[in-house]
Amino acid sequence: MQLSRHSIGESQTQVAAALDTVLYPVYALLAILIAVLGVINTLALSVLERTREIGLLRTVGTSRRQISSMVQLKSVLIAVHGALLGLGLGIAWGIAGQRVLTLYGITSLSIPWTTVLAVLAGSVLAGLTAAILPAMKAARTKPLTAIGTA
């Protein structure tokens, strides 16, 4: 039995749609859940390790809001850096994989730029979300108690 070009194109479209349906939940689980937990862990350790510095900043006049903003900015930088690294590696591996698959007739490469931009925007939101608890802990640090910690 020989397939016409029309039916092959339709089956490729169906396979691509099925793969998209499977990949979107994976994006959500991996990119959001693991990234947010990693950023929370990094920030919590950073706030814990820098208790004296935060206390010193509070002593010289830094407001609670400024301390909170500093932690939030650090969180967003960590999240965006991780997203850029992941997207860069993912696109590079995708290009390499497509080059290998040219031997099997897959000659076109399509990078979903809307998804790339959505991941970057999501990383900013994930960074802000992950910073909530560590920023509150850092902002509530009492200056004299923090300076006295070892």
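**Exercises on helix packing and the nonpolar core**

**Exercise 1.** Which residues of α3 are buried in this model?

Solution. In this structure, which is a predicted model, the buried residues of α3 are Ile67, Ser68, Val71, Ser75, Val76, Ala79, Ala83, Leu87 and Gln98.

**Exercise 2.** What span should the 38 residues of α3 have, and how far apart are its end C-alpha atoms?

Solution. Begin with the rise of 1.5 Å a residue, counted over one less than the number of residues, which gives an expected span of 56 Å for α3. Then take the end C-alpha atoms of α3, which are 55 Å apart, so that the two values agree.

**Exercise 3.** Describe how α4 and α5 are placed, and name the residues through which they meet.

Solution. Two packed helices are described by the angle between their axes and the distance between the axes. For α4 (residues 113-130) and α5 (residues 132-139), the axes come within 5 Å and cross at roughly 40 degrees, and the two helices are therefore oblique to each other. Next, look at the contact itself, where Leu128, Thr129 and Ala130 in α4 meet Ile132, Leu133 and Pro134 in α5. By class, this contact has five nonpolar residues, one polar residue and no charged ones.

**Exercise 4.** Which members of the largest nonpolar core touch the most other members, and which helix gives the most to this core?

Solution. Of the 13 residues in this core, Val39, Leu43, Val47, Ile54, Val71 and Ala138 touch the most other members. At least two residues each come from α1 (5-49), α3 (64-101), α4 and α5, and α1 gives the most, with four residues. Finally, consider Val47, which, leaving aside residues up to four places away in sequence, touches Ile54, Val71, Pro134, Lys137 and Ala138.

How values were computed. Residues are numbered from 1 along each chain as its sequence is written. This is a predicted model: local features need pLDDT of at least 70, side-chain atom pairs count only at pLDDT 80 or more; totals for chains, interfaces and linings use all residues. Side-chain values use heavy atoms; hydrogens and water are left out. Axes are lines fitted to C-alpha atoms, for helices over the stretch in contact, and angles run from 0 to 180 degrees between N-to-C directions. Angles under 35 degrees count as roughly parallel, over 145 as roughly antiparallel, 65 to 115 as roughly perpendicular and the rest as oblique. Contact means heavy atoms within 4.5 Å. Ala, Val, Leu, Ile, Met, Phe, Trp, Tyr, Cys and Pro count as nonpolar, Asp, Glu, Lys and Arg as charged, and the others, Gly among them, as polar. A nonpolar core is a set of buried Ala, Val, Leu, Ile, Met, Phe, Trp, Tyr and Cys residues joined through side-chain atoms within 4.5 Å. Buried means under 20% relative accessible area, exposed over 50%, partly exposed in between (1.4 Å probe, protein chains only).
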